[in-house]
Every structure is written in structure tokens, then in C-alpha cells.
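Colleague: Could you take a close look at the salt bridges in this model for me? I would like to hear which side chains pair up and how open they are to the surroundings.

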Amino acid sequence: MAVGQPVTFRWGSLMGERRIVRSSYGGARPRRDFPWLARAYLDGRLKLDELITRRLRLDQANDGFAGMVKGDVVRAVLLFDREVRG
């Protein structure tokens with residue numbers, strides 16, 4: 001559901017001991033968790049590079065989508081510089 005899109009529900013569903021809970025980033029706390037994850041990556045404890053199937057230039061984005069449809073690409077990373085490494 002898009003942010004800003006209207007949501008409808010029955011008024012009675014707001015009564016009683018009910019809560020509407022929303023989650024961003026899977027419940028992570030970015031101020032605490034993002035620096036911790038970045039440090040784990042830089043220290044070599046979080047292996048992200050091994051999860052990348054292909055690195056593509058921005059003009060190759062459609063190739064990445066086509067690879068996902070075929071099952072050849074699991075995680076593609078778009079590079080905004082001109083050089084594609086690996």
C-alpha cells in the first residue's frame with residue numbers, strides 16, 4: 001500500500017484493546033542499527049558482497065529485471081558510475 005493512500009476500516013474496529021501497528025525497515029531502529037550494520041560490513045562480519053549476483057550500470061537495469069524473471073539474477077546492484085566491476 002502506498003504512503004499517503006487512504007485506508008478505510010469499520011469504526012467499531014477502533015474500539016476495545018486493538019492497535020494499528022506500522023513497521024518501517026522491519027522494525028529496525030535506524031539511528032542505532034544502521035551504524036552497527038555498516039561497521040559489521042566494514043569489519044568483514046556482515047557478508048553482503050557475496051549476495052550480489054550482478055553489478056550493472058543504470059542503463060542495464062532492464063537486463064537485471066530480465067535476469068530476475070529468468071531466475072539468473074537474485075540480487076542486482078545498479079552502479080551510478082561508468083565502471084562495472086565483477
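Modeller: Happy to! Asp49 is partly exposed, because its relative accessible area of 37% lies between the 20% and 50% cut-offs. Do keep in mind that this is a predicted model. The side chain of Asp49 meets that of Arg55 in a salt bridge, with 3.7 Å from N to O. That distance counts because the cut-off for such a nitrogen and carboxyl oxygen is 4 Å. Its partner, Arg55, is partly exposed as well, with a relative accessibility of 23%.

As a general point, side chains of opposite charge can pair when their charged atoms come close. A search of the whole structure turns up 6 salt bridges, so let me walk you through some others, using that 4 Å limit again.

Lys70 and Asp72 form one of them, and their closest N and O atoms are 3.5 Å apart. Lys70 has a relative accessible area of 63%, which means that Lys70 is exposed, as the cut-off for that class is over 50%.

Then there is a network: Arg39, Asp43 and Arg45 are joined into one by salt bridges that share partners. Within this group, the side chains of Arg39 and Asp43 meet at 3.3 Å, N to O. Arg39 is partly exposed at 44% relative accessibility, and Asp43 is also partly exposed, at 43%.

How values were computed. Residues numbered from 1 in each chain as written. Predicted model: local features only at pLDDT ≥ 70, side-chain atom pairs only at ≥ 80, totals over all residues. Heavy atoms only, no water. Buried < 20%, exposed > 50% of the residue type's maximum accessible area, 1.4 Å probe, protein only.
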